[in-house]
Amino acid sequence: MAKIEKVIKGQHPSLLDADKANELISMVNGILSSRAQDPLSLKVDSDGTININVALSPIEVTMCVNGIPAKRVIYMQAPNEE
Amino acid sequence: MPTATPFTALGRGNGFPFCPTKVDVSTFDNVRELTLAEAMKIFWNLYSGTPTLSYSWTYTSPTPPNPESYSYSASLNSEVVLTPDKYPHDRVCYVSGISLNESESDGTEEDRGVFLRFQLSTFIRRLYNGVTTDEDNFIGYGAFPARYWTELYGSFVPFYIKMISYGTHFKSSDWDSVSPVTIGGIDLFKAEREIGTEPSGTDIVAGGTESDPTLDFYTYP
């Protein structure tokens, strides 16, 4: 989606420019209707800030890498806790 | 009893870094399956074993013109550490298990003598009461963590062999005796078999003793 151009004082007559207003409304509605699938989640704050959370937990594991024991960090989806 | 640092291993999702060999034990009349925790204890945490094994034989020919005598003896009674300088997390790269033989002998440079062997093993099996392609037949895990092997020989040929195996599944028909035993806190079977007899006479005497080995495991803080 293309960015909405900023208005410039004295150059844009009014926000009653219907095309520009609808473009802005469509974008906001698109953001508000955004959905995320696990392990992602979206949250839009009242000020419009979009928070994207990734529900993955880092776990240090010992694994065999090319025949040598090595420590690595893997990210695992946290179990659903009710 | 050594202490190891706790760790999380990325294995095959089955408690081990490999897929254990499957064994159909439906025809075995001595089966004592292990729990997953017991099998994992053997694979990941077995640290050492201490054997108690001692045998000897002597030969004396008192008759001239060529009187001679031989005497051979060997014993195993020291702690055998499975993987010195290695810790349980290093076992993540073992594709099946670890096996270590510790031997002691007397007279091996000659054609006669005593040979003793103590074996530790962390190989794990999956036991099935029926065909191994049906997971419904799975009953638990198997292992043979310790073995003794005794060989008394003369003229390059053993005249007496004794095998003792400590494990989870045996056929009575393959052994002289099979009896329950607990070593390292794990309930197993002890299977014994002798080939030949310990000679006892005026010119040759042989014999020995053994006790069940002890097993030591890593612990975690």
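This passage describes the confidence, a sheet and an interface of chain B in a predicted model.

For the complex as a whole, the predictor reports an ipTM of 0.71 together with a pTM of 0.80. Within chain B the average pLDDT is 91, and 98% of the residues reach a score of at least 70.

Chain B contains an open sheet built from 6 strands, which follow one another in the order S6-S7-S10-S11-S14-S13 and pair in antiparallel fashion. The edges of this sheet are formed by strand S6 (99-106) and by S13 of chain B, each of which pairs on one side only. Between neighbouring strands of the sheet the average turn, with direction ignored, amounts to 15 degrees.

At the S13 edge, strand S13 of chain B (residues 177-183) runs antiparallel to strand S14 of chain B (residues 186-196), to which it is joined by 7 bridges. Among the residues paired in this way, B:Ser179 has B:Lys190 in S14(B) as its bridge partner, while B:Pro180 is matched in S14(B) by B:Phe189. The two strands, S13(B) and S14(B), constitute a hairpin with 2 residues between them, and in the turn B:Gly184 adopts a positive phi of about 60 degrees. In a regular strand, the side chains point alternately to the two faces of the sheet.

With respect to the association of the chains, 9 residues of chain B are in contact with 10 residues of chain A. On the side of chain B that touches chain A, the residues comprise 6 that are nonpolar, 2 that are polar and 1 that is charged.

Note on methods:
Residues are numbered from 1 along each chain as its sequence is written. Chains are lettered from A and ligands numbered from 1 in the order in which they are written. This is a predicted model: local features need pLDDT of at least 70, side-chain atom pairs count only at pLDDT 80 or more; totals for chains, interfaces and linings use all residues. pLDDT is the predictor's confidence in each residue, from 0 to 100. Two residues are in contact if their C-beta atoms, placed from the backbone, lie within 7 Å. Ala, Val, Leu, Ile, Met, Phe, Trp, Tyr, Cys and Pro count as nonpolar, Asp, Glu, Lys and Arg as charged, and the others, Gly among them, as polar. Two strands pair if DSSP finds at least two bridges between them. Helices (H or I, at least four residues) and strands (E, at least two) are DSSP runs, numbered from the N terminus. Axes are lines fitted to C-alpha atoms, for helices over the stretch in contact, and angles run from 0 to 180 degrees between N-to-C directions.
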